[in-house]
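Take a look at the fold below. This report walks through its helices, its packing and a few single residues.

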Amino acid sequence: MLPAPRLQSDVGSGRPPGAARTDRRASGTLDGVSEQAEQAARKTGREAKRVADSRWFETTARAGFVGSGIVHLLIGYLAILLGVGNASSGGETDQSGALQQIAAVPGGVFLLWAIAIGTAALTVRLVLEAVVGGRSDSTRGWLARFKDVAKAVVYGVIAYSSASYALGAGSSSSSSSQSAAAKTLATPGGVFVLLLAGAIAVAIGIGLVVIGCRRSFWKQLVRPPRSVERVITVLGVVGYVLKGIAVAIVGVLIGVAGLQSDPDQATGLDGAFDAIRSMPGGVFVLVVIGIGFLAFGVYSFFRARYARL
């Protein structure tokens, strides 16, 4: 009996008979494992999205907007106090100052935990929306993902800070900013990093102003009754524009800290409010910006009710 002919791919290649078949089987196995892993990832994503879309999770996430609104109301209140000269000595007029105010009142710890849980749920909801939200791979789709991630970072910081103060481990935002700036300046290219961070903060501030002026915040909301719509429009425009101005000033201060290699300049909202107050007519401007934060806080309450989730 004649021997079975070798496969053409094995002949003259110096490889043992059947090597090509072995390679094909190995490749097929790898493809199967890769496909199974992809299917498992998709299933996990669908399950996570299903949980995020559940009624109880949506309610918790909407509570995150309420928590954010409370923080903004207190920041606005502290900014106005600073403007009229009634701020407490050594008190801060930024997020940490607002959380300190909450922690100081009876039952404040429970409110801090409520804010932390709500904003944490909102953070998870935004991250899931960015990862498994079903958006296309177009430029607009990736831009929407970036916005969701950026919002998740903001609400994540509020959640972390609230939990820290509830546990009694909160720290000053200004001190943290200065410490981070000092560490950054001590590293190679630290000046460039601070300038970049300042530019990003300025861009975010300008973006908030644009959102307010163009009223594009309505894309995030379900249209309410007309009488309520007018109130939300005024609150949204005032809140976004004035908050954007404050954030842009923070970016300028971070950039100045980089240019002057002076970490003390990077002081967050607290330093921005102090800088505004020291300018001619700054007291009036600071009170107006405080009103803007109050408006954004009330807007956040409406957003909790009418947000598209």
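What follows moves from the whole chain to helix pairs, then to the core and to single residues.

**The whole chain**

This is a predicted model. The protein has 10 helices and zero strands. Read along the sequence, the pattern is α-α-α-α-α-α-α-α-α-α. The protein has 309 residues, and 40% of them count as buried. How far apart in sequence are the residues that touch? Take the contacts between residues at least 6 apart in sequence: 72% of them join residues at least 24 apart.

**Three helix pairs**

The table sets out three pairs of helices.

| Pair | Angle between axes | Axis distance | Citation |
|---|---|---|---|
| H2 and H4 | about 120° | 7 Å apart | |
| H4 and H5 | about 160° | 8 Å apart | |
| H8 and H10 | roughly 130° | within 7 Å | |

Start with H4 and H5. They pack at an angle of about 160°. Angles over 145 degrees count as roughly antiparallel, so H4 is roughly antiparallel to H5. H4 passes H5 in a left-handed crossing. By class, this contact has 18 nonpolar, four polar and four charged residues.

Now turn to H2 and H4. Their angle is about 120°, and H2 and H4 are therefore oblique to each other. Their crossing is left-handed. On the H2 side, the residues that meet H4 include Phe-57, Ala-61, Gly-64 and Ile-70. On the H4 side, the partners include Leu-111, Gly-118, Leu-122 and Arg-125. The residues of this contact divide into 11 nonpolar, six polar and one charged.

The third pair is H8 and H10. Their axes cross at roughly 130°, which makes H8 oblique to H10. H8 passes H10 in a left-handed crossing. Among the H8 residues that meet H10 are Val-228, Leu-235, Tyr-240 and Lys-243. Among their H10 counterparts are Val-288, Phe-293, Arg-303 and Tyr-306. By class, the contact of H8 with H10 has 18 nonpolar, three polar and two charged residues.

**The nonpolar cores**

In soluble globular proteins, nonpolar side chains tend to be buried together. Which residues touch the most other members of the largest nonpolar core here? They are Ile-75, Leu-269, Phe-273 and Phe-293, in a core of 33 residues. The elements that give two or more residues to this core are H2, H3, H4, H5, H8, H9 and H10. H2 spans 55-84 and H10 spans 282-306. The largest share, seven residues, comes from H2. There is also a second, separate core of 11 residues. Its members include Leu-208, Phe-217, Trp-218 and Tyr-306. Tyr-306 is also one of the H10 residues in the contact with H8.

**Three residues to find**

Start with Ala-98. It lies in helix H3. Is Ala-98 buried or exposed? Buried means under 20% relative accessible area. Ala-98 has 0% relative accessibility, so it counts as buried. Which residues does Ala-98 touch, leaving aside neighbours within four places in sequence? They are Val-71, Leu-74, Ile-75 and Leu-78. Ile-75 is one of the residues that touch the most other members of the largest core. The C-alpha atoms of Ala-98 and Ile-70 are separated by 8.6 Å, although the two residues are 28 residues apart along the chain.

Next comes Arg-125, in helix H4. Arg-125 counts as buried because its relative accessibility is 6%. Where does Arg-125 sit relative to Ala-61? The two are 64 residues apart in sequence and 7.1 Å apart in space, C-alpha to C-alpha. Both belong to the contact between H2 and H4, with Ala-61 in H2 and Arg-125 in H4.

Last is Arg-215. Its place is in the loop between helix H7 (190-214) and H8. Its phi is near 60°, a positive value in a residue other than glycine. Why is Arg-215 called partly exposed? Its relative accessible area is 47%. Buried means under 20% and exposed means over 50%, so Arg-215 falls in between.

How values were computed:
Residues are numbered from 1 along each chain as its sequence is written. This is a predicted model: local features need pLDDT of at least 70, side-chain atom pairs count only at pLDDT 80 or more; totals for chains, interfaces and linings use all residues. Side-chain values use heavy atoms; hydrogens and water are left out. A nonpolar core is a set of buried Ala, Val, Leu, Ile, Met, Phe, Trp, Tyr and Cys residues joined through side-chain atoms within 4.5 Å. Buried means under 20% relative accessible area, exposed over 50%, partly exposed in between (1.4 Å probe, protein chains only). Helices (H or I, at least four residues) and strands (E, at least two) are DSSP runs, numbered from the N terminus. Axes are lines fitted to C-alpha atoms, for helices over the stretch in contact, and angles run from 0 to 180 degrees between N-to-C directions. Angles under 35 degrees count as roughly parallel, over 145 as roughly antiparallel, 65 to 115 as roughly perpendicular and the rest as oblique. A crossing is left-handed if the near helix is turned anticlockwise from the far one by less than a right angle, and right-handed if clockwise. Contact means heavy atoms within 4.5 Å. Ala, Val, Leu, Ile, Met, Phe, Trp, Tyr, Cys and Pro count as nonpolar, Asp, Glu, Lys and Arg as charged, and the others, Gly among them, as polar.
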